[in-house]
Structures are given as C-alpha cells and as structure tokens.
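Good morning, and thank you for coming. Please have the sequence and the model open as I speak.

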Amino acid sequence: MSQAQLLSWLSDQQRILYTPLRPRAAGRVTRVVGLTLEATGCRVALGEFCQVSVKPGYTVEAEVVGFHGDRVFLMPVDSVEGLLPGAKVQPTGSTSLVPVGMGLLGRVLNGVGKPLDSLGPLNAEAYVDLQGETINPLARQPIREPMDVGIRAINSLLTVGRGQRLGLFAGSGVGKSVLLGMMTRFTTADVVVVGLIGERGREVKEFIEDVLGEEGLRRAVVVASPADDSPLMRLRASQLATRIAEYFRAQGLDVLLLMDSLTRYAQAQREIALAVGEPPASKGYPPSVFAKLPKLVERAGNGEKGGGSITAFYTVLTEGDDQQDPIADSARAILDGHVVLARRLAEEGHYPAIDIEASISRAMPQVVTPEYLKQAQRFKQLYARYQQVRDLLSVGAYAKGSDPDTDRAIQLIPAMRMFLQQGLHEPVRLAVAQDLVGKLLNIQ
C-alpha cells in the first residue's frame, strides 16, 4: 500500500469514527417538485443528511430542509437523474462532516470537501462538523492590529484590522476577482481561504491558474462550487470555506477569508427556501435569506484570547451597479466596512477601480494612530473636492484662487491618481503605503 493510499484509508477510518452509527427506519420518495424531493416513512431532524438511492449501487446525499406533517423535504447535493418513484431514503443520523488540517493547503475542494484537483486524496488531520461552535461575542478579542493586504489604496485609506469583515461591492467586469487574487498573493496573513461560489466553471480554473498563481495557491485553500452546482452544494461550499478558516483560527493563525460571492450564497438560499414553499419578501428573497447572512458572516472575526483571527472580504454583486439591492443593503449593515469598485473608474483604465469616496473601513480608527487618521481624511477630502469641481474644470468655469482647498486638490490630483493605481504584480506594504500619503500631502 502506497503512502497516499494509506493516508486515504486512515482518513476514511477517522471519518467513520466521527460518524455516529444509529440505525434508522428508511423512507421512500413520493414526489419530486423542482429541486426538492418529498419523502415519507422516515423520522429525521432538520439539517440531517440522508442517502437517496438513485440507481442500483448509486446513492446521492440529501439534506433535510423542511417538513410538513409526515412529509419530509430534502435537497440533494448532486444530480438525481434517473430517480424512480418510491426510491429508498436512508437517514444517516448525522450532519455533514468535513475535512480540515494543514494538509489542505494548496488544494482545491468542492462543496462537500472532496478534491477537484488531480493531486490525490486529501491529507486531512480531522473531520469536523460543518457548523462550527458560536463564539461568545464578549469573549472575542477586539480589533486592535492592522492587517496588511498589499493593496496601496486599502492599506493607506481603508486600513483593515485583523478580524475585520468587509464587503467588496462591485458590478460585473470591474476587476473584483483580480483584486481578490492580488490580496491573496500580497497579504501577510498566515493562511488564505478562498471560496468561489456560483462562478462560471471557466472562471474557476482561470482564477486558480492566472489570478491566484502557484505562489498564491501554496498557502491557500480553495473551495469552488460553480454556477451549475445544486443550490445546496453552493450553500455548503460557503459554509465549508468558513469552517476551514475557523479551524486555522483555532490553531492560532491569522486567516484571510475571501468569498466570491456573498450574493450567490444568498441566491442559493433563496432557491432552497422558495422550493420548500417559503414566501418571497424583498425582490424575491424570502426572510430566511436575511437570517442566514449574519449567521455566516458572524462566524468570521477574531477568536478568543490567545487564538487567531479571520479577516474576511465578501464580494457583493450590485446588479446594474445598484447599491440599494436588498442583499447589498443587508450586507452593508452587518459588515465592518465596504470597498466599492466603480465602473466609471474601470472604464477610465483606473485599476484597482476603488471608489475611495464611497468606501469606508469602520475599524480604521482603532488600528492607526490619530495623526495618520487625520492625514488619510485630508487625502480623501482633497480627492472629493476635486471630484466636485471636475465638471466646472472641464468647461473652464472655475477661476483659480476662488478656493484654497480646491486649488490644492487640482495641484495634487495627478499624484493622487497615480497613488491609487497599482500594478498586478506590485505589492505595497502597509508602512510604505501610509508613509507615501504623508509625502504626497507635503508636495509643494
């Protein structure tokens, strides 16, 4: 037996030991409605997993997502093509167990923790429940230390704290995936966990090979669930990425969690909720969606004293660049800040297309000195002042000397634009970025 086969066998044995063996009465599939299976004859709990016999010798895992009377509603993880009426539904008596450990670094997994790459079986240290334990909010360490993400505009004007959770708000095609890849390669975090939720299958491979690269993948774990996966698989992929990050945090490591995207997570939950009969509330989103979002986001953040941290970036798709989308509005309320990518800047060739006027880091006052905070605010004030008179300048309607701040903004705007732009392979450390702000403001 090779070493890889031995590790795979040991992992299987460990998983068996972690799975409670409780014989349960089997049920039968009585109805299939859209994405949902209805079964009778089995007594199961909400969130429990069952094995559905699709073909002889082939079963599909399904999660209990609801019930009505003696009818149980199940959502399958994979395709149930070929399912026959009266198919057997066998309760497992357990929730899902997922692999964790340092052996996952450099690997690409699907939503149930199985490898998508061709690097052999996983070298998992343990199998843990998909749902992590909730940390008492009073036991969490406060945000006091900055996190270097290697992006000049963020490090200087939107400084991120260790354990902070931010939203990356962007429409399609403005460079959010590229920005995530840059942070993955440039950050000083110990481990990076990337969740690619609901993306096009082509983009998953391109992100791993072209954006993330070999250097970024070496200390990262990627959990991918493309758009053609079932909604349950997309939901579980989001939870798995968070659970893996929680494991590394428990080991005392600083983790950067990048999830692309929180909107696809909400849409997956919407599909499941509507399939089991939950009424829509806001723009087709049922109330359970807005209950699920904080449950996922609150799992990130700092751990207890002596533990590590999870600094998280969640991308939020703003359809038609609408910042008042219900998911965007809800995410803005539960996150510790937001970075907005503007299509106007992307069309001008300004990358990363961060709109510093519309962006904010709520933890920045706790992680920078009061003196530097004033410098960053001054930078943003001058930048905003130029944007206010931009149209007047284009038609020659502004007279020099009318306002000292405006004159100063006009003088500094070329240097400001150059400062806010950054190359794909150009990491900028936190101390360097903040030092440049002071030098820029002192230009005569």
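Is Cys50 buried or exposed? Cys50 is buried, and its relative accessible area is 0%. I should say at once that the model before you is predicted, and that what follows is computed from it.

Let me stay with the cysteines. A search of the whole structure for disulfides returns zero. Cys42, for its part, takes part in no disulfide, and the nearest cysteine sulfur, that of Cys50, is 5.6 Å away. Why does Cys50 not form a bond with Cys42? The sulfur of Cys42 is the closest cysteine sulfur to that of Cys50, but at 5.6 Å it is too far for a bond. A disulfide here requires two cysteine sulfur atoms within 2.5 Å. Cys42 also counts as buried, at 9% relative accessibility.

I turn now to the helices, beginning with H4. Helix H4 covers residues 201–218. A straight helix of 18 residues would span 26 Å at 1.5 Å a residue, yet the end C-alpha atoms of H4 span only 22 Å. Where does H4 bend? The bend is at Leu212, and it amounts to about 95 degrees. Leu212 is also one of the buried residues of H4, which include Val204, Phe207, Ile208 and Val211 before it, and Gly213, Gly216 and Leu217 after it.

Helix H11 runs over residues 370–394. Its 25 residues should span 36 Å at 1.5 Å a residue, and its end C-alpha atoms are 36 Å apart, so the two values agree. H11 nevertheless has a kink of about 40 degrees, centred on Gln388. Among the buried residues of H11 are Tyr372, Leu373, Ala376, Phe379, Leu382 and Tyr383. Gln387 and Val389 also belong to the buried residues of H11. As you look at such a list, please recall that an α-helix has 3.6 residues a turn, so residues three or four places apart point the same way.

Helix H12 comprises residues 404–420. For its 17 residues the expected span is 24 Å, and the end C-alpha atoms are 23 Å apart, which agrees. There is a kink in H12 of about 50 degrees at Leu412, shortly before the proline Pro414. Leu412 is buried, and the other buried residues of H12 are Thr406, Arg408, Ala409, Ile413, Met416, Phe419 and Leu420.

Next, the largest pocket. How much space lies in it? The figure is about 1,000 Å³. The pocket is lined by 47 residues, and the closest to its centre are Gln131, Gln239, Lys292, Lys295 and Arg299. Five elements deserve your attention here: strand E4 (58–68), helix H5 (231–250), helix H6 (262–275), helix H7 (287–297) and strand E16 (301–302) each give two or more residues to the lining. Which element gives the most? H5 does, with six residues. By class, the lining is made up of 19 nonpolar, 14 polar and 14 charged residues.

Let me move on to some features of the backbone. The peptide bond from Asp260 to Ser261 is cis, with omega near 15 degrees. Ser261 sits in the loop that connects strand E15 (254–260) with H6. A cis peptide bond also joins Tyr351 and Pro352, where omega is about -5 degrees. Pro352 belongs to the loop between helix H9 (343–347) and strand E19 (360–361). Lys283 has a phi near 50 degrees, a positive value in a residue other than glycine. Lys283 lies in the loop between H6 and H7, and it is exposed, with a relative accessible area of 56%.

I close with two valines. Val191 is in strand E13, residues 191–197, and is buried, with a relative accessible area of 2%. Its C-alpha atom is separated by 21 Å from that of Asp129, and these two residues are 62 residues apart along the chain. Val108 is in strand E8, residues 108–109, and counts as buried at 9% relative accessibility. Between Val108 and Phe186 there are 20 Å in space, C-alpha to C-alpha, and the two are 78 residues apart in sequence.

I would be glad to take your questions.

Notes. Residues are numbered from 1 along each chain as its sequence is written. This is a predicted model: local features need pLDDT of at least 70, side-chain atom pairs count only at pLDDT 80 or more; totals for chains, interfaces and linings use all residues. Side-chain values use heavy atoms; hydrogens and water are left out. On a 1 Å grid over the protein atoms alone, a cavity is a set of points where a 1.4 Å probe fits but cannot get out, and a pocket is an open set with protein on both sides within 12 Å along at least five of seven lines; lining residues have an atom within 4 Å of a point. Grid points are joined across faces, edges and corners, and a volume is the space filled by probe spheres set on the points. Helices (H or I, at least four residues) and strands (E, at least two) are DSSP runs, numbered from the N terminus. Ala, Val, Leu, Ile, Met, Phe, Trp, Tyr, Cys and Pro count as nonpolar, Asp, Glu, Lys and Arg as charged, and the others, Gly among them, as polar. Buried means under 20% relative accessible area, exposed over 50%, partly exposed in between (1.4 Å probe, protein chains only). The expected span of a helix is 1.5 Å times one less than its number of residues. The bend at a residue is the angle between axes fitted to the seven residues ending there and the seven starting there.
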